[in-house]
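Hi there,

Here is the structure I promised to pass on to you. Have a look at it first, and then read on for my notes.

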Amino acid sequence: MPELQLPIYDLGTPKPRDAAGQVTISIDGQEVVVDEGTSVLRAAAIAGINIPKLCATDSLDAFGSCRMCVVEIEGRKGAPASCTTSVEDGMVVHTRSGKLEKLRRNILELYISDHPLDCVSCPSNGDCELQDVAEELGVESSRYGLQGQNHLQAAKDESNPYFTFDPSMCIVCYRCVRACNDIQGTFALTVDGRGFDSNISAGQMESFMDSECVSCGACVNSCPTTALVEKQVVEMGLPDKSTVTTCAYCGVGCTFNVETRGDEIVRMTPCKDGRANEGHACIKGRFAFGYFNHKDRITQPMIRDSIDEAWREVSWSEAIEYTARRFREIQAKYGRDSIGGITSSRCSNEETYLVQKLVRAGFGNNNVDTCARVCHSPTGYGLKTTLGESAGTQAFDSVAKADVIMLIGANPTAAHPVFGSRLKHRLRQGAQIIVVDPRETELVKSPHIRAAHHLQLKPGSNVAFFNSMAHVIVAEGLADLDYVRDRCEMPSWEAWSEFVTLEENSPESMQAVTGIPAGELRAAARLFANAGNGAIYYGLGVTEHSQGSTGVMGIANLAMATGNLGREGVGVNPLRGQNNVQGSCDMGSFPHELPGYRHISDPQVRELFENEWNVKLHPEPGLRIPNMLDAAINGEFRGLYCQGEDIAQSDPNTHHVEAAMKSLECLVVQDLFLNETARFAHVFLPGSTFLEKDGTFTNAERRISRVRKIMPSKSGREDWQITVELANALGYEMQYSHPSGIMDEIARLTPSFTGVSYEKLKRLGSIQWPCNKDAPDGTPTMHVDEFVRGKGYFAITGFVPTSERSTRRFPLLLTTGRILPQYNVGAQTRRTGNTAWADEDLLEIHPVDAEDRGIGNGDWVGIQSRAGDTVLHAVVTERVQPGVVYTTFHFPMSGANIVTTDNSDWATNCPEYKITAVQVSRVTQPSEWQKQQIEFNRQQQSLLEKARGSSA
Ligand code: SF4
Ligand code: SF4
Ligand code: SF4
Ligand code: FES
């Protein structure tokens, strides 16, 4: 059963940060002990004494505009606002008196003289703070009447697909403006005009859609009336039940209340006590959940013998038996290693764990891999080698203590928006940021944000850059030698410091490679090394390179050399893309590692799993995804179970991937939609959305959070149940009655999860692993007294230029990334209102390069690389530097991965998505590949329609 969450009482103002001590005050005769710096309003709320308020809320600093919260304080004149008055020891406060009531009633009457009095028909009837205050004060009408000047006829702004703004309901409390400024950091709202003419305005008197608004919903959450309200609330009415779950989009892992009315979801609102998001959200998690109900959902299992045949809808038992038979036939014919599985970072820990168990125990090989292969596998390798643990070192709130933040190859305001807002908040408090990125992102320059340095390095030169930074730090004596002596392996330090101080690694020598002026790089290195707390955050711009793992080691080296690991405010923080990338890696999805990153070749580790799983395990690592694709084309690999992953769109060199898919004799896709990969499938097993199942996700800060079932699975099976049935049909017995039992097994077998259980997750809300007897409530900061490997290891990071470089034939470098409204391959967000913001991938090109080629904004441009070619619309912008072009990969028809090559990281095979040499030219029509795709999609859609028609 879903667990009900009681609404959390709004305490009026935020908890004071870093209170030095406590004070005792008296409120209405009641003694209250609170932290220094607490507002009188909050102190009263903590004591259960409700002071009426309108402009105050505990997610925003007090503003003091409405005067509804006035109180009397002995020894002070007048009636101060309790939200802007801090407690003082011995203070005596009275919240009720005839004078206060009169003041409040008068203010309220002024408000309602310009507010419709039709509460009964208002969509927020019962969820309106103005209504609550009016009821409390017994005010039903205003002696000022509604006849005077008012805003009651003001036009609604319905431009945003998800919420409306009705100025006639607005009481100009500034909560929305402050939420947009202080929480989201977008500064999209202003108050236009003065006095009575004050109006809330988006942008420069624009509609919300035309303004800078990024649709995070913070203003809607904070609005005390129905002036800003979700359209679904207007259409469906207020919710009557709330269940806590975790966002299924990015690696921030925001906690949400799923608010339902009957069986229907009305809205998702961010939880104030969610540790990853603290009440904030972004457009994806807050609003883009409607895909669960999209007409494209496939909810009936389907099979076919060849991809040219129509699908046949079948029962679950027939689909499972068919799959098991085909897999066993393939193994009998081609050998045990001819099949494998791919786990998904969109699925839960429990589901991922079961797929790797199925492969190892049921298939009898280790041919299991995950989509983390193509994003953060170098993080695993690089951090494990240097620090001993392949995960980020901090909690997100650590950034609030950072003084200098180095952000490398990441664009958090687009890809990890709630963390991006936290980061901006810290920068507005005075921390400095060094942005290392070929592109000008929002954190380089935006309202109230100016990067101390934007190091616009050339794509492919990361390792040269890290070495130059290290050169300055070591050569100029800026390293923290006490920390290094205490915490690190000295022989490795000596070898590394000797290496980085070689003249060839100096910023001057590397300037031609990195493109960064040596003086600016030196200044950035000094700033970082001299920071009290220097924190590094990085993304796929570091990992998706031929030297991705080397780059990650370069980052760890910099952090160790400057003593920036093992406390709050510092650390090495990979920003994980999908919701459960961390978890899918933790759960043993890589072919060489069992859960908890333990090598499959270790006999003691194998024995542990063999005893629990009652099977003999194969000691050799299996195939990685690229190896599976190669082996499929070679005819050695014939069957694949692909859960929740769309390799035909997400993996590089699409021609190669599609050829591999076509070579398979049995491709089983378990997903929500007939995605690009499923067009090549023989079995389609309908998956469940995060709203339809129980489980856990682990976010980028190692935080394990519950996913809770809101509604029954539309297909009749949760994903974990499908894997269990497949295992049993293959003759390997699995018995679980609930995902909590799977987590119990994970905890028994995985040292960093020993203390994790659903019961503890319910009690604590979330847990950051390691969670074991040494850290029963989890570990927010890692490597505090010593590194997981003991002493930190400085790895030598020689720079090896990629073979992918600009030539006369391909003179531009293409790099790729994400945009805020769309998510990864777009299968979910493309089926929501988010397409109003972005409905195609675009190619960004610098004006100089565009002019050379006669390209204008909006023109069709052909992009050719040695791997293939595609056609997109152009955006001419100075966000990219000359010589670099940029696109996203959210839309399958764009074919971004037709162009990317199969170059990959030397250690992990993570593809080199971030650098492809291309030529760009103006064209007039789609590419040949795009035309073929249109035809192939049409064929596959018709084969799907036949299945649906036959079952109608
Ligand atoms: S829209 Fe809502 S939050 Fe904004 S000023 Fe008006 S009433 Fe206050
Ligand atoms: S939705 Fe977010 S970005 Fe848009 S106006 Fe509201 S707070 Fe600002
Ligand atoms: S920041 Fe990430 S986890 Fe949070 S709501 Fe947005 S997509 Fe979901
Ligand atoms: S709630 Fe204190 S002044 Fe508005």
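A residue is called buried here if its relative accessible area is under 20%, exposed if over 50%, and partly exposed in between. With that in hand, and keeping in mind that this is a predicted model, a good place to start is α4.

Eight of the 10 residues of α4 are buried, so this helix is largely enclosed by the rest of the structure. The buried ones are Arg175, Cys176, Val177, Arg178, Ala179, Cys180, Asn181 and Gln184. Their cover includes three helices, α3 (129-137), α5 and α12 (417-428), together with the strands β6 (189-192), β7 (199-202) and β8 (228-230). Just after α4 comes glycine 185, with a positive phi near 80°.

Now to the ligands, where α4 turns up again. Around ligand 2 you will find Phe163, Cys180, Gln184, Leu189, Phe208 and the run Cys213, Val214, Ser215, Cys216, Gly217, Ala218 and Cys219. Both α4 (175-184) and α5 (218-222) give at least two residues to this shell. Cys180 and Gln184 belong to the shell and are also among the buried residues of α4. In terms of class, nine residues of the shell are nonpolar and three are polar, with no charged residues.

The shell of ligand 3 consists of Cys247, Tyr249, Cys250, Val252, Gly253, Cys254, Phe256, Cys282, Lys284, Gly285, Pro417 and Val418. Here α7 (283-287) and α12 each contribute at least two residues; α12 is also part of what covers the buried residues of α4. This shell splits into nine nonpolar residues, two polar and one charged.

Next, a hairpin. Strands β10 (residues 255-261) and β11 pair in the antiparallel sense over six bridges, and asparagine 257 faces threonine 269 across the pair. Two residues separate the strands, and glycine 262 in the turn has a positive phi of about 60°. Is β11 enclosed or open? Six of the seven residues of β11 (residues 264-270) are buried, so the strand is largely enclosed by the rest of the structure.

A few backbone details deserve a look on screen:

- The peptide bond from tryptophan 769 to proline 770 is cis, with omega near 0°. Proline 770 sits in the loop between β30 (766-768) and β31 (812-817).
- Aspartate 28 is not a glycine, yet its phi is positive, about 50°. This residue lies in the loop between β1 (22-27) and β2 (30-35), and it counts as partly exposed at 35% relative accessibility.
- Asparagine 824, another residue other than glycine, has a positive phi near 50°. Its place is the loop between β31 and β32 (842-845), where it counts as buried at 10% relative accessibility.

Finally, the protein as a whole. Its secondary structure comes to 30 helices and 36 strands. The radius of gyration is 29 Å, close to the 30 Å that the globule rule gives for 952 residues, so the protein is as compact as a globular protein of that length. Along the principal axes, the C-alpha atoms fill a box of roughly 90 × 75 × 65 Å. Buried residues account for 64% of the 952. Of the contacts between residues at least 6 apart in sequence, 72% join residues at least 24 apart. The protein exposes about 34200 Å², with carbon and sulfur atoms supplying 49% of that area.

Happy viewing, and best wishes!

Definitions and conventions:
Residues numbered from 1 in each chain as written. Chains lettered and ligands numbered in written order. Predicted model: local features only at pLDDT ≥ 70, side-chain atom pairs only at ≥ 80, totals over all residues. Heavy atoms only, no water. Near = heavy atom within 4 Å. Helix = DSSP H or I, 4+ residues; strand = E, 2+ residues; numbered from the N terminus. Nonpolar A, V, L, I, M, F, W, Y, C, P; charged D, E, K, R; others polar. Buried < 20%, exposed > 50% of the residue type's maximum accessible area, 1.4 Å probe, protein only. Pairing = 2+ DSSP bridges. Rg over C-alpha atoms; globule rule 2.2 N^0.38 Å. Contact = heavy atoms within 4.5 Å. Areas by Shrake-Rupley, 256 points an atom, 1.4 Å probe, with all protein chains shown as cover.
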